[in-house]
Amino acid sequence: MAVISEITDDDNVDKKPHQELPEETRITTTTRRCSLESVPLDVTERIVASFSRYEYPAIALVSSHFRRLIASHNFRLTRSQLSVPERFLYALLGFPPHQLPRWYILYRSSSNASLRLRRVDSLPPVPYGCTVVAVGREIYVFGGCDGRQRYTSAVTLIDCMSHTSRSLSRMREARYRASAGVIDGKIFVVGGCETPSSNWVEAFDLERRVWVKSCSFVDTWAGGHALRGLWQASSCVVDGMLFNVDPGRSLGHLIIVFDLKKQVWRPVKLDGVHGLPPCIFQYGYESKMGNIGGKLVILVGDQTQWRDYEGEKSIWCVEIALRRRQGGEIRGKVESVDVVFKTTKSTPSIELCRTVIV
């Protein structure tokens, strides 16, 4: 058996002073720089594609070679062939009154690590009050209020695979806090105009990436009054059901779900509710909810930390697993409660969060 050891201290070498090794036993070593480009491209693609999408922002910072690789069409095909699509939660955090919202991604570096929010530095800030729609691996950003407090008609497309963005054709109308949704391959953007307009509703064709003629419509949804009674910004859809945070606990519970058949809100009973951060009961109306793999994810900030507070501010994240029981009852289990973001600057504002499949 041969034992190979590395000697780092020349004093440990048993040899006489100034003694040289025979010429025939000398070993000449050549130091070579290993270039990333020297590795076969298909090998690099498969290695990088096997990593979690959470790691791509960090990998892209290694070199321009990796940035080009991740942004390439062939890399997307390789990842698709490996069948490793993942759901990710993207959040917009603002720092009023001086900083516009920036994009953050919720990630877990390993299976046992806590969740964290990490800023995506390659993506530019967005206006306050913009409207965001996630379609596949892309995010569309419509309108908002620019730095001069003016409504904008700008439209930005974000590629969540490469974390790059580009401008698209503007809307006919400038909008602030409009509503939007996808129907039959088109994104319909509604309202948010400063004054009534014939372009109150605009439609964007996803395939052709152009604005098309739209028609006005009237909301005649049965049960709409019951839905709007408790529906607020902190909501999301899981398995076709609308979940909502209700800090006032109108139905006796923090989480509620809308029953489409009976057109009423129903409570979601939670196991582990005593482990929730106190701020979710006080400031849950300011929270934002998302869906990751069928689980509810709630981001909530501690609003007791006012803007002039010089200490540390934080954002909490709550993961809740859902299960349906006989009779249609839905229960939730609190799986984790983590502080996912800390700052000593101005109190962060959680503008929104969206789930993207990449």
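# Exercises on a predicted structure

**Exercise 1.** With a relative accessibility of 13%, Asn-291 counts as buried; justify this label and describe the surroundings of Asn-291.

*Solution.* The model used throughout these exercises is predicted.
Step 1: A residue is buried when its relative accessible area is under 20%. The value for Asn-291 is 13%, and therefore the residue is classed as buried.
Step 2: Asn-291 belongs to strand E16.
Step 3: Setting aside residues up to four places away in sequence, Asn-291 touches Arg-87, Cys-236, Val-237, Val-238 and Thr-355.
Step 4: Glu-319 is 28 residues from Asn-291 in sequence, and the two C-alpha atoms are 9.6 Å apart in space.

**Exercise 2.** Is Thr-343 buried or exposed, and which residues does it touch beyond four places in sequence?

*Solution.*
Step 1: The relative accessibility of Thr-343 is 10%. Because the cut-off for burial is under 20%, Thr-343 counts as buried.
Step 2: Thr-343 is part of strand E19, which covers residues 330–343.
Step 3: With residues up to four places away in sequence left out, its contacts are Phe-95, Gly-311, Glu-312, Lys-313 and Pro-348.

**Exercise 3.** Classify His-274 and Leu-230 as buried, partly exposed or exposed, and locate each residue.

*Solution.*
Step 1: Exposed means over 50% relative accessible area, and His-274 has 81%, so His-274 counts as exposed.
Step 2: His-274 is found in the loop that runs between strand E15 (264–271) and helix H6 (279–283). Its C-alpha atom is separated by 9.4 Å from that of Val-334, although the two residues are 60 residues apart along the chain.
Step 3: Leu-230 has 25%, a value between the two cut-offs, and is therefore partly exposed.
Step 4: Leu-230 lies in helix H5. Apart from residues up to four places away in sequence, Leu-230 touches Asn-244, Ser-250, Ile-256 and Trp-265. A distance of 9.0 Å separates the C-alpha atoms of Leu-230 and Val-245, which are 15 residues apart along the chain.

**Exercise 4.** Describe how helices H1 and H3 are placed relative to each other.

*Solution.*
Step 1: Two packed helices are described by the angle between their axes and the distance between the axes.
Step 2: The axes of H1 (residues 41–49) and H3 (residues 64–71) come within 11 Å and cross at roughly 75°.
Step 3: Angles of 65 to 115 degrees count as roughly perpendicular, so H1 and H3 are roughly perpendicular to each other.
Step 4: On the H1 side, the contact involves Leu-41, Thr-44, Glu-45 and Val-48; on the H3 side, it involves Phe-66, Leu-69 and Ile-70. These contact residues divide into five nonpolar, one polar and one charged.

**Exercise 5.** Characterise the largest pocket and the second largest pocket by volume and lining.

*Solution.*
Step 1: The volume of the largest pocket is about 1900 Å³. Its lining has 50 residues, of which Ala-180, Gly-181, Trp-231, Ser-235 and Arg-354 are the closest to the centre.
Step 2: Elements that give two or more residues to this lining include strand E8 (179–183), helix H5 (224–230) and strand E12 (235–238). The largest share of the lining, seven residues, is from E20.
Step 3: By residue type, the lining of the largest pocket divides into 31 nonpolar, twelve polar and seven charged.
Step 4: The second largest pocket holds about 290 Å³ of space. It is lined by 18 residues, and the closest to its centre are Pro-57, Ala-60, Leu-61, Ser-122 and His-163.
Step 5: Helix H2 (56–60), H3 and strand E3 (116–119) each supply at least two residues of this second lining. H2 provides the largest share, four residues. The types in this lining are nine nonpolar, four polar and five charged.

**Exercise 6.** What is the sign of phi at Arg-177 and at Arg-249, and where do these residues lie?

*Solution.*
Step 1: Most residues other than glycine have a negative phi.
Step 2: Arg-177 is not a glycine, yet its phi is positive, at about 55°. Arg-177 is placed in the loop between strand E7 (164–168) and E8.
Step 3: Arg-249, also not a glycine, has a positive phi of about 50°. Its location is the loop between E13 and strand E14 (255–259). At a relative accessible area of 40%, Arg-249 is partly exposed.

**Exercise 7.** How many helices and strands does the protein chain contain, and what percentage of its residues is buried?

*Solution.*
Step 1: The chain has six helices and 20 strands.
Step 2: Of its 358 residues, 42% are buried.
Step 3: Among contacts between residues at least 6 apart in sequence, 53% join residues at least 24 apart.

Terms used:
Residues numbered from 1 in each chain as written. Predicted model: local features only at pLDDT ≥ 70, side-chain atom pairs only at ≥ 80, totals over all residues. Heavy atoms only, no water. Buried < 20%, exposed > 50% of the residue type's maximum accessible area, 1.4 Å probe, protein only. Contact = heavy atoms within 4.5 Å. Axes fitted to C-alpha atoms, helices over the stretch in contact; angles between N-to-C directions. Parallel < 35°, antiparallel > 145°, perpendicular 65-115°, else oblique. Nonpolar A, V, L, I, M, F, W, Y, C, P; charged D, E, K, R; others polar. 1 Å grid on protein atoms, 1.4 Å probe; cavity = no way out; pocket = protein on both sides within 12 Å on 5 of 7 lines; lining within 4 Å. Points joined across faces, edges and corners; volume = space filled by probe spheres on them.
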